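Here are a few notes to read alongside the model, for anyone opening it for the first time. They start with the whole chain and then move in on some helices and two single residues.

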Amino acid sequence: MRSPLSDKSGSPEQPTRLEVELETRDLSVYYGSHLAVKQVSLKIPKNHITAFIGPSGCGKSTILRCFNRMNDLIPGARVEGSVIFHGKNIYDPDVDPSEVRRRVGLVFQKPNPFPKSIYDNIAFGPRINGYQGDLDELVERALRQAVLWDEVKDKLRMSALSLSGGQQQRLCIARTLAIQPEVILMDEPCASLDPISTLRIEELLKELGRRYTIIIVTHNMQQAARVSDFTAFFNTELDERGIRYGRMVEFDRTEKIFNSPANRETEEYVSGRFG
């Protein structure tokens, strides 16, 4: 499969100049003896937004969790292949998963603030990581980055659970930003939000995408088209025993995926013929 990051066609955006942040090489994931997703190879460009789209069960979230080794926490999960981050396979035995998760943050589908104050939610990660700087300044900066500061600056000691759903999700994004990651993973971050909150999160994503590498899993193709620079389309396939597994079909610039995909499966999915 042609990679958009190694294209030598001389397009105006000169994709050959894009720096790769993360790379998977023949990445497969098993749950017990079941192959969940097979041999995914792709390069995630730095300081861009990449969307994973595809029908349920195709492996989008499974691959997303590989980038910060969250699958390690699932009993029976096993990873084959490699995930290269700054020249190192994060699955090598000498790699500390907790350090990977500090550098590669994850925002879940449903907002999950801790039952603590707004301030303590943001300060939690820096505290356990031994942050030595000005914690008040860090909390404010993270909340400003998440476009939440003006709404909560006068109630930082209130419970985070008192916030609305959309505010809670932005709080969780701020909590991730506070540990100063290099990559932010988002697993359907707007799935449980109303349209207005979804719009605010999308606007926030576009802003953060200038400074962070972001990978977002979404079932909303319009959202992928609106916010992402690159898109990977995943689908399912049956093995010789009739058991379904996921695979990546196509990866390219978002405009190409939605307007002139190379694969017929991709075209049928983005045009709404299945999924």
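Two residues are said to meet, or touch, when they have heavy atoms within 4.5 Å of each other.

1. First, keep in mind that this is a predicted model. The chain's secondary structure adds up to 10 helices and 10 strands. Its radius of gyration is 19 Å, close to the 19 Å given by the globule rule for 275 residues, so the chain is as compact as a globular protein of that length. Along the principal axes, the C-alpha atoms fill a box of roughly 55 × 40 × 35 Å.

2. How much of the chain is buried? Buried residues account for 52% of the 275. As for contacts with a separation of 6 or more, 67% of them join residues 24 or more positions apart.

3. Now have a look at helix α3, residues 118-128. Its buried residues are I118, Y119, N121, I122, A123, G125 and P126. What do they pack against? The partners are α4 (135-145), α5 (149-152) and α6 (165-178). If you follow the chain just past α3, you come to G130, which takes a positive phi of about 75 degrees.

4. A general reminder helps when reading helix contacts: an α-helix has 3.6 residues a turn, so residues three or four places apart point the same way.

5. The pairing of α3 with α6 is a good place to zoom in. The two axes come within 7 Å and cross at roughly 30 degrees. Angles under 35 degrees count as roughly parallel, so α3 is roughly parallel to α6. The crossing is right-handed. On the α3 side you'll find I118, N121, I122 and P126, and they meet L171, A174, R175 and A178 of α6. Sorted by class, this contact has six nonpolar residues, one polar and one charged.

6. Helix α6 also deals with α4. Here the axes come within 8 Å and cross at roughly 130 degrees, which makes α4 oblique to α6. This crossing, too, is right-handed. The α4 residues L138, A142, L143 and Q145 meet L171, A174, L177 and A178 in α6. By class that gives seven nonpolar residues, one polar and no charged ones. Do check L171, A174 and A178 on screen: they are among the α6 residues that meet α3, and they also take part in the contact with α4.

7. Next, a single residue: L204, which sits in helix α7 (residues 195-208). Is L204 buried or exposed? Its relative accessibility is 2%, so L204 counts as buried. Leaving out residues up to four places away in sequence, L204 touches Q145, A146, V147, R170 and I173. Of these, Q145 is one of the α4 residues that meet α6. For a sense of scale, L204 and R157 lie 47 residues apart in sequence and 24 Å apart in space, C-alpha to C-alpha.

8. Last, a residue from a strand. S82 belongs to β4, which covers residues 77-85. With a relative accessibility of 14%, S82 counts as buried, because the cut-off for buried is under 20%. Which residues does S82 touch, not counting those up to four places away in sequence? They are E23, T24, R25, L27 and N89.

Terms used:
Residues are numbered from 1 along each chain as its sequence is written. This is a predicted model: local features need pLDDT of at least 70, side-chain atom pairs count only at pLDDT 80 or more; totals for chains, interfaces and linings use all residues. Side-chain values use heavy atoms; hydrogens and water are left out. Buried means under 20% relative accessible area, exposed over 50%, partly exposed in between (1.4 Å probe, protein chains only). Helices (H or I, at least four residues) and strands (E, at least two) are DSSP runs, numbered from the N terminus. Axes are lines fitted to C-alpha atoms, for helices over the stretch in contact, and angles run from 0 to 180 degrees between N-to-C directions. Angles under 35 degrees count as roughly parallel, over 145 as roughly antiparallel, 65 to 115 as roughly perpendicular and the rest as oblique. A crossing is left-handed if the near helix is turned anticlockwise from the far one by less than a right angle, and right-handed if clockwise. Ala, Val, Leu, Ile, Met, Phe, Trp, Tyr, Cys and Pro count as nonpolar, Asp, Glu, Lys and Arg as charged, and the others, Gly among them, as polar. The radius of gyration is taken over C-alpha atoms; the globule rule is 2.2 Å times the number of residues to the power 0.38.
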